Amino acid sequence: MPAPPDPAHHGTPFAFVQAVLRAYAARSCAPDKALAAAQIAPDRRGHWPSQVSPLQFERLCAAAMRELDDEAPGWFSRPLAWGSYGMLARASMGAPTLAVALKRWCRHHGLLTQDVALALHSDASGARVEITEHTDLGQQREFALLSLLRNLHGLSCWWVDSQIALLGAHFPGEAPPHAAVYGRLFPGPVHFQAPRAALVFDAHYLSLPLRKDAAAIDQMLRRALPILVWPYRRDRLLSRQVARLLQAPSHAHGASSAHTAETLAAELGLSARSLHRQLRAEGASVQQLKDEARLARASDLLLRTALPVARIAGQCGFASDKSFARAFRQWTGHSPQEHRRGA
């Protein structure tokens, strides 16, 4: 269910709370217990808050889904019984790639409801998951479409253990007053007044293997909402993964210089284009990380061994001690010999 990623600075718009309350009203049920569980209440003057915390909203949704026995609270013409989306997730496990898992998810979602249809398309411009509306979703339309795409994106990231960078998130209708929350839920360009709700991303992600097993999905489903609430953070540490590859013992003797963006991307299950884009988003680059790995290796050899500088240059992937000295001075402001003497 949607909520902003930073509870300290961002709240969930009360419009999303109202969408859950409408589900109760449609069933002629009182939401008192769910609101109490989430500690959401009007102030002394009877005014509701303009926003709630992500944790409050998570608790409200969890209580509503249980009480109403509907994991799509009020979105569709008939409820989706508790466990429906868990069943879809399990049905997609075992798929060899994300593409197969998404196709299964979209196809099986049609068994739960025919009010909407999800479909995966892929061409030279990228991969695209689209929602086609077959019935009027009424007042629940915004919340339903937003939640469907947020849920699918969150689960996809979890499946492949990678933050799937979005090339675009598209939504029909005018931008709502709380449009700023969309940018936090869908990292990438957000467009309104689109023909259909859709997510667009690099098609290379479709070839990634699923990295979660049955035990992992059992654990995730015990408390699944956070996976769907918080944008996946795994690749915020992509630069560290690249650094570990460059500094691995098997790569000690000059392999950091021999590595290219293509070889690094292959080891990480990415395309070179995705690798560059995601590192750039973290303020890093392949060349910067390679230089850091070579500097760390060189410094370690200078300080811990008595090897000649020319030999250290070779072990760090330099063709000569002169090119090594030139690079080392550029990195540190002094020569390798000065670095050794200073220590």
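## The open sheet

Let's start with the sheet: five strands make up an open arrangement in the order 3-4-7-5-6, and their pairing is mixed. Strand 3 and strand 6 (190–191) sit at the edges with a single partner strand each, so one side of each has no neighbour in the sheet. Keep in mind as you look around that this is a predicted model.

Strand 3 (residues 116–123) pairs with strand 4 (residues 126–133) in the antiparallel sense, over eight bridges. The two strands form a hairpin, with two residues between them. On the other pairing of strand 4, five bridges join it to strand 7, and these two also run antiparallel.

Val 129 is a handy residue to follow across the sheet. In strand 4, Val 129 stands opposite Leu 120, while its bridge partner in strand 7 is Leu 199.

## The chain as a whole

Stepping back, the protein chain contains 17 helices and seven strands. It has 343 residues, of which 50% count as buried. If you take the contacts between residues at least 6 apart in sequence, 64% of them join residues at least 24 apart.

## Nonpolar cores

In soluble globular proteins, nonpolar side chains tend to be buried together. Here, the largest nonpolar core has 88 residues, and Trp 159, Phe 186 and Leu 275 have the most contacts inside it. Helix 6 (residues 141–160) gives the most to this core, contributing 12 residues. There is also a second, separate core of 12 residues, which includes Leu 301, Leu 307, Ile 312 and Ala 327.

Which residues does Phe 186 touch, once its neighbours within four places in sequence are left aside? The list is Leu 146, Leu 149, Arg 150, Leu 166, Ala 169, Phe 171 and Leu 199. Leu 199 is worth a second look, being the bridge partner of Val 129 in strand 7 as well.

## The largest cavity

How many cavities of 30 Å³ or more does the model have? The count comes to two, and the largest has a volume of about 60 Å³. Its lining is made up of Leu 98, Leu 102, Val 129, Leu 152, His 153, Ser 156, Ile 164, Leu 199 and Phe 201. The elements that give two or more residues to this lining are helix 5 (98–112), helix 6 and strand 7 (197–201). Helix 6 supplies the largest share, three residues.

You will recognise Val 129 and Leu 199 in that lining, the pair joined by a bridge between strand 4 and strand 7. By class, the lining of the largest cavity holds seven nonpolar residues, two polar and no charged ones.

## The second largest cavity

The second largest cavity encloses about 30 Å³ of space. Tyr 85, Trp 105, His 109, Leu 118, Leu 148 and Asn 151 line it. Helix 5 and helix 6 each supply at least two residues of this lining.

What classes do the lining residues of the second largest cavity divide into? Four are nonpolar, two are polar and none is charged. Helix 6 thus comes up in several places on this tour: it gives the most residues to the largest core, the largest share of the lining of the largest cavity, and at least two residues to the lining of the second largest cavity.

Conventions. Residues are numbered from 1 along each chain as its sequence is written. This is a predicted model: local features need pLDDT of at least 70, side-chain atom pairs count only at pLDDT 80 or more; totals for chains, interfaces and linings use all residues. Side-chain values use heavy atoms; hydrogens and water are left out. A nonpolar core is a set of buried Ala, Val, Leu, Ile, Met, Phe, Trp, Tyr and Cys residues joined through side-chain atoms within 4.5 Å. Buried means under 20% relative accessible area, exposed over 50%, partly exposed in between (1.4 Å probe, protein chains only). Helices (H or I, at least four residues) and strands (E, at least two) are DSSP runs, numbered from the N terminus. Contact means heavy atoms within 4.5 Å. Two strands pair if DSSP finds at least two bridges between them. On a 1 Å grid over the protein atoms alone, a cavity is a set of points where a 1.4 Å probe fits but cannot get out, and a pocket is an open set with protein on both sides within 12 Å along at least five of seven lines; lining residues have an atom within 4 Å of a point. Grid points are joined across faces, edges and corners, and a volume is the space filled by probe spheres set on the points. Ala, Val, Leu, Ile, Met, Phe, Trp, Tyr, Cys and Pro count as nonpolar, Asp, Glu, Lys and Arg as charged, and the others, Gly among them, as polar.
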